[in-house]
Number of protein chains: 2
Amino acid sequence: MSPRKRATITDVARAAGVAASTVSRSFTNPDRVNVTTREHVLEIAAELGYTPNPMARALESGRTNTFALLVPDITNPYFAGIINGAERSAAAAGRTLVIGNTKESAATEQHLVKRLGPAVDGFVLAASRLPDDDLRKAAELNAVTLVNRATRGVSCVVADYASGTRQIVDHLASLGHRSLLVLGGPPESWSGARRWAGLQAAAELHEMKVRRFGPYSPTLSGGPAAADAALAAGATAVICHNDMLAIGVLRRLQERGVSVPEQVSVVGFDDMFGSAICTPTLTTLAERTADAGAQAIEMLGRLAYERVAEPDSLVLPTHLVVRGSTGQVA
Amino acid sequence: MSPRKRATITDVARAAGVAASTVSRSFTNPDRVNVTTREHVLEIAAELGYTPNPMARALESGRTNTFALLVPDITNPYFAGIINGAERSAAAAGRTLVIGNTKESAATEQHLVKRLGPAVDGFVLAASRLPDDDLRKAAELNAVTLVNRATRGVSCVVADYASGTRQIVDHLASLGHRSLLVLGGPPESWSGARRWAGLQAAAELHEMKVRRFGPYSPTLSGGPAAADAALAAGATAVICHNDMLAIGVLRRLQERGVSVPEQVSVVGFDDMFGSAICTPTLTTLAERTADAGAQAIEMLGRLAYERVAEPDSLVLPTHLVVRGSTGQVA
DNA sequence: CATCACATGACAAACGTTTGCCATTCTTTG
DNA sequence: CAAAGAATGGCAAACGTTTGTCATGTGATG
């Protein structure tokens, strides 16, 4: 039961009749060693089931070949998309990915960055709740890439909310809606702020009125309060901070006998898993979450290993998925 | 941008005017050093922002304080529950958790176990696709705990499918159904086998007929083929390998104009996120996934650090959540 | 007052790698 | 054929810790 002793580089060296350095080079610097020697070494290594100890390797080289991905809510399917893309990209590059859950808390996030810092080569911070200053400080000590968050001097991958919000407003306007109600999420949410800004700008183009309520918890349980407030305000079109909240709103509206989209149109953000199977199906702004995760990891690789000095920033397109929750105004 | 140099134990020692060993012991073995010395050391350490390098620590002690959790499909909300519980438990114990995605492939799983092996203190393998032999081999080299999989000599946490399947069949019988159709998942799935065995036994108690079709992909896209087969067979009650497949089936049935539950009742397994919001809402067997993840991590801790020799096994209760997808037989 | 035990801190050896440097051998070139 | 240069392998130092062992100083005990 207790872990058996693994073969070390010295074991391989002894068995192969060469020096440890030769074994090491056979793996990491193949050209540096004669081809026949190398083949012999590799054969012996395979025989002994030798795997280089990543700890020892990291200690010497200072590289752990590991990245950490921190998300606010690991159970939210939206982040599952980012995790998926990041995991795929990291695995393809032969790197290990550590997932951390910050539970929507800046303090937890800060703590994880500090604790994981020395053990990883860099961080992807998705929808970080950290203040700008802390973010920059973190970026000084580690390689950092942000997803759906931006601040001066730090690399990031963000969704094109300017276009996305315009798509939403265009769609609602074309259905005859003349005013919009935004049901907002956490105040620290950068994407929430960008969405709000985009919606305001787009509404202005159409000369529509737009108000914002909230903040509401960006979860199913935030739905009832948000829905009730929307009803009380007599809204015909509500735009929710994310799909989780939107689905919570849909459920509450159904509970209260309000029909969607006949009486109220509902729009979400994220197009997460679940938005296509709820009733009615949800009209929502889709992001390329898997892409975002993958790109963030790639960016991080350049940052961490190629000493790219300039912070990079990447904007990914968004597109509106029109489903059953939006319709012509009554 | 390039990671600044972190303070090492030697830096702290020099600044505090003591030996490195004293600094080390101040952290790991506080009783071994005078209280005033220790406080001084800790103060200096905090001042310098010193964090022990986990790599170096692991190298010496052989403990990485890290566990790996491998799941077949990271995007499946069912596993999100397990991940969530495991993450919470690991974080509470001050351990790092690495998440790996095996993509339903035994080869990928094997590869990850080999690659991550030297870097972690143990594995939680959720719904492992590995053959029993490989599983035992892995358990010889590493501390291993299984979730929803069992094999002789390896610790595990499993759901009570014997009770669960009886609950399902009792429910369907009470609605007047006289025969059941099971839409199976991957043949390597241990839980699939247990579910099938349980359903057969329970059906026998009620003198009901039960057949199994498949295998189908345990994803939304497995739905159409499964649903079509069920319709062709004239089934009145279908039990799907998991909720993903069940929802796929629901969608296909709707497409084909078959009303659920009036014409066909549908049952799933997992009670994953989404099963409560689809239409109709899905009757499904709920597991304590978060519990399972947390317990698996705790078990693994005992196995890895307390040299518990005896493999342990834990059965978690299940309960049927009756929703809109099951009804009286026509 | 001498002895003993114990508390405390320092020294140094590991842990498993990588890598700079040197020594040897082989190949090339004039 | 000699000299220069390239290819190849070994030695040893480093990476940042932990931990066994030893030396010192303190207080207690007889």
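**Two protein chains and two DNA strands: a walk through the model**

Let me start with one pair of residues in chain B, where B:Ala237 stands opposite B:Ser265, the latter lying in strand E9 of that chain. Before I go on, please keep in mind that what we are looking at is a predicted model.

That pair belongs to a set of neighbouring strands, and I would like to build the picture outward from E9(B). On one side, strand E8 of chain B, residues 237–240, pairs with E9(B) in the parallel sense over three bridges. E9(B) also pairs with strand E10 of chain B, residues 283–287, again in the parallel sense, and here there are four bridges; in this second pairing B:Asp270 stands opposite B:Ala286 of E10(B). How is E8(B) joined with E9(B) into a unit? Together with helix H11 of chain B, which spans residues 243–255, the two strands make a β-α-β unit, and that unit is right-handed. As for E9(B) itself, residues 265–270, six of its six residues are buried, so the strand is largely enclosed by the rest of the structure.

Staying in chain B, let us turn to helix H10, residues 223–232, in which B:Gly223, B:Ala226, B:Ala227 and B:Ala230 are buried. These four cover an arc of only 95° around the axis, which puts them on the same side of H10(B). The general background is that an α-helix has 3.6 residues a turn, so residues three or four places apart point the same way. What covers the buried residues of H10(B)? The covering elements include strand E6 (179–183) and strand E7 (209–213), along with E8 and H11, all of chain B. Just after H10(B), B:Gly234 takes a positive phi of about 70°.

For a single residue in chain A, I have chosen A:Leu199, which is found in helix H9, residues 190–205. A:Leu199 has 23 other C-beta atoms within 10 Å, and because 20 or more is the cut-off, the residue counts as buried. Leaving aside residues up to four places away in sequence, A:Leu199 touches A:Thr165, A:Val169, A:Leu180, A:Val182, A:Val210 and A:Ile239. One of these, A:Thr165, is 34 residues from A:Leu199 in sequence, yet the two are 5.3 Å apart in space, C-alpha to C-alpha.

Next comes the contact between the chains, which takes 41 residues from chain A and 41 residues from chain B. On the chain A side, at least two residues each are supplied by H4, helix H5 (77–92), strand E2 (96–101), helix H6 (106–116) and helix H7 (132–141). That side of chain A divides into 23 nonpolar, twelve polar and six charged residues.

Finally, the DNA. Strand C is surrounded by 26 residues, the closest being A:Ile9, A:Ser21, A:Ser24, B:Ser21 and B:Thr37. The elements giving two or more residues to this surface are helices H1 (9–16), H2 (20–28) and H4 (54–61) of chain A, together with H2 (20–28) and H4 (54–61) of chain B. Which element gives the largest share of the surface near strand C? H2(A) does, with six residues.

For DNA strand D, 26 residues surround the strand, and the closest are A:Ser21, A:Thr37, B:Ile9, B:Ser21 and B:Ser24. Here H2(B) gives the most, with six residues, and by class the surface near strand D has eleven nonpolar, eleven polar and four charged residues.

How values were computed: Residues numbered from 1 in each chain as written. Chains lettered and ligands numbered in written order. Predicted model: local features only at pLDDT ≥ 70, side-chain atom pairs only at ≥ 80, totals over all residues. Near = placed C-beta within 6 Å. Buried ≥ 20, exposed ≤ 12 C-beta atoms within 10 Å, placed from the backbone. Pairing = 2+ DSSP bridges. Right-handed = clockwise from strand over helix to strand, strands pointing away. Arc of directions from axis to C-beta. Contact = placed C-beta atoms within 7 Å. Nonpolar A, V, L, I, M, F, W, Y, C, P; charged D, E, K, R; others polar.
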